Amino acid sequence: MSPNGGALAKMLTPFKLGVGGILGNGRQYMSCVTIDDVVGGLHHCLTHEELCGPVNVVDPHPLTNREFTRTLGRVLRRPTIIPLPAAVVKLLLGEMGRELLLDGCRVRSAVLQSSGYTFAAGGLEDALRSVRMGRHKLIHDRRTGRVELYDLEADPGEPRDLSGERRDLVDRL
């Protein structure tokens, strides 16, 4: 998830304006994952030789469009009462809209989890709050191999190094 691209970036404007809502009946499943967990999951796959074959790097808790919509509205402190009916999605986007927005897919990260990977995100709401604020930045020094996690809201001129506090995340990178 990123406010700078992908599906979340396209959803933010209508939600921030208070016109975001469920798509179709809202029962279709969606998969989400934070950039921290993408990086951590890929690193885990590369460092665990026992893993082979397909591995889904998605949040361990699949959720419906209705659940996602309510959570995003709560994080943005905006109402989510204006649904986008399936007929309108199909009219505007055709077959692609049906496949991408209305069909859904309940993807699980069972292989990744069974190999010992622990997701950093504490659930959708925490992930959205972190992404929405853009408050964290990972910096990897290729010379030393050191990875630092910074809280950019602490002071824009001098970010606070969270590496010691979030060792669980930094160690996985």
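Q: Why are H1 and H3 called oblique to each other?
A: In this predicted model, the axes of helix H1 (residues 6-16) and helix H3 (residues 65-76) cross at roughly 60 degrees. Roughly parallel needs an angle under 35 degrees, and roughly perpendicular needs 65 to 115. The crossing angle fits neither class, so H1 and H3 are oblique to each other. The two axes come within 11 Å, and H1 passes H3 in a right-handed crossing.

Q: Which residues of H1 and H3 make the contact?
A: H1 supplies Leu8, Met11, Leu12, Phe15 and Lys16. H3 supplies Phe68, Thr69, Leu72, Gly73 and Leu76.

Q: How do the residues of the contact of H1 with H3 divide into nonpolar, polar and charged?
A: Seven are nonpolar, two are polar and one is charged. Lys counts as charged, and Lys16 is among the H1 residues in the contact. Gly counts as polar, and H3 brings Gly73 to the contact.

Q: What makes Thr69 count as buried?
A: The cut-off for buried is under 20% relative accessible area. Thr69 has 1% relative accessibility, so Thr69 counts as buried. This residue lies in helix H3. Leaving aside neighbours within four places in sequence, Thr69 is in contact with Phe15, Gly21, Ile22 and Thr80.

Q: How many of the residues of the chain count as buried?
A: The share is 35% of the 173 residues.

Q: What does the secondary structure of the chain come to?
A: Seven helices and five strands. Along the sequence the pattern reads α-β-α-β-α-α-α-α-β-β-β-α.

Key
Residues numbered from 1 in each chain as written. Predicted model: local features only at pLDDT ≥ 70, side-chain atom pairs only at ≥ 80, totals over all residues. Heavy atoms only, no water. Axes fitted to C-alpha atoms, helices over the stretch in contact; angles between N-to-C directions. Helix = DSSP H or I, 4+ residues; strand = E, 2+ residues; numbered from the N terminus. Parallel < 35°, antiparallel > 145°, perpendicular 65-115°, else oblique. Left-handed = near helix turned anticlockwise from the far one by under 90°. Contact = heavy atoms within 4.5 Å. Buried < 20%, exposed > 50% of the residue type's maximum accessible area, 1.4 Å probe, protein only.
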